[in-house]
Amino acid sequence: MATTIVSSALRGQRVVVGIYLIIVAFTGVAGYMTATVVGEVDPPRLLFLIELPPTPIGMAVFGAATIGLVLGVLLVAVTVVSDRFDDAEPGDTE
């Protein structure tokens, strides 16, 4: 029974990581497309510190890194909280 719980938890983590990677990749593509479609783009600042060039690659890096960092911090926070405060036992209906 314990191996079933662990394997289902690992499958759940894989799904979450997969969705995370898809969102980050989509944001990178959206940044690339934005720079190719829009003519005049102001140079974006990654973390308000690093100025990236307003090229398609620079915008793709900006989009993917920004959403990757924001979602990554949130996912780590959820993981830490769920590891520390998970009191539910499998099969509980309460």
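Reader: How much area does the chain expose, and which atoms supply most of it?

Author: The chain exposes about 7,400 Å², and carbon and sulfur atoms supply 70% of that. Keep in mind that this is a predicted model.

Reader: Then how far does the predictor trust its own work? What is the mean pLDDT of the chain?

Author: Think of pLDDT as the predictor's confidence in each residue, from 0 to 100. Here the chain has a mean of 84, and 80% of its residues reach 70 or more. You can also go element by element: H1 has the lowest mean pLDDT, at 84, while S2 has the highest, at 91.

Reader: You just said H1 and S2. How many helices and strands are there?

Author: The chain has 2 helices and 2 strands. Walk along from the N terminus and you meet them in the order α-β-β-α. Helix H1 covers 2-37, strand S1 covers 45-46 and strand S2 covers 50-51, and helix H2 takes residues 56-85.

Reader: How do I read the length of a helix? What span would be expected for H2?

Author: Count 1.5 Å a residue, then compare with the model. With its 30 residues, H2 would be expected to span 44 Å, and its first and last C-alpha atoms are 43 Å apart, which is close to that.

Reader: Next, burial. What share of the residues counts as buried?

Author: A residue is called buried when its relative accessible area is under 20%. By that cut-off, 16% of the 94 residues in the chain are buried.

Reader: And which residues of H2 are buried?

Author: In H2 they are Gly58, Met59, Ala60, Gly63, Ala64, Gly68 and Gly72.

Reader: How do I see whether parts that are far apart in sequence come together? What share of the contacts joins residues at least 24 apart?

Author: Take the contacts between residues at least 6 apart in sequence: 46% of them join residues at least 24 apart. Pairs of C-alpha atoms give you some examples. Val16, in helix H1, is 59 residues away from Leu75 in sequence, yet their C-alpha atoms are 8.9 Å apart. Ala25, also a residue of H1, sits 36 residues from Val61 along the chain, with 10.0 Å between the C-alpha atoms.

Reader: Are Val16 and Ala25 buried or exposed, or what else do they count as?

Author: Val16 is partly exposed at 40% relative accessible area, and Ala25 is partly exposed too, at 45%. That label goes to them because partly exposed is the class between under 20% and over 50%.

Reader: Now the surface. Which residues make the nonpolar patch?

Author: Look for Val29, Tyr32, Met33, Val37, Val38, Ile57 and Val61, which make a nonpolar surface patch of about 640 Å². Both H1 and H2 supply at least two residues of the patch, and H1 gives the most, with 4. One residue to click on is Met33, which lies in H1 and is partly exposed at 43%.

Reader: What about charges? Which residue forms a salt bridge with Glu51?

Author: Arg45 does, with the closest N and O atoms 3.2 Å apart. The count for this model comes to 1 salt bridge. As for the partners, Arg45 is partly exposed at 43%, and Glu51 is partly exposed at 47%.

Reader: Where is Pro43, and which residues does it contact?

Author: Pro43 is in the loop between H1 and S1, and it counts as partly exposed at 37% relative accessibility. Set aside the neighbours within four places in sequence, and Pro43 is in contact with Glu51, Leu52 and Pro54. For Pro54, the C-alpha distance to Pro43 is 4.7 Å, with their positions 11 residues apart in sequence.

Reader: Last one: backbone angles. What is the phi of Leu47, and what is that of Phe48?

Author: The general idea is that most residues other than glycine have a negative phi. Leu47 has a positive phi of about 60° although it is not a glycine, and Phe48, another residue other than glycine, has a positive phi near 60°.

Reader: Where do I find Leu47 and Phe48?

Author: Leu47 is in the loop between S1 and S2, and Phe48 belongs to the loop between S1 and S2 as well. Leu47 is exposed at 52%, and Phe48 is exposed at 75%. They earn that word because exposed means over 50%.

Key: Residues numbered from 1 in each chain as written. Predicted model: local features only at pLDDT ≥ 70, side-chain atom pairs only at ≥ 80, totals over all residues. Heavy atoms only, no water. Expected span 1.5 Å × (residues − 1). Buried < 20%, exposed > 50% of the residue type's maximum accessible area, 1.4 Å probe, protein only. Patch = residues over 30% accessible without salt bridge, like charges linked within 9 Å, V, L, I, M, F, W, Y side chains within 5 Å. Areas by Shrake-Rupley, 256 points an atom, 1.4 Å probe, with all protein chains shown as cover. Salt bridge = Lys/Arg side-chain N within 4 Å of Asp/Glu carboxyl O. Contact = heavy atoms within 4.5 Å.
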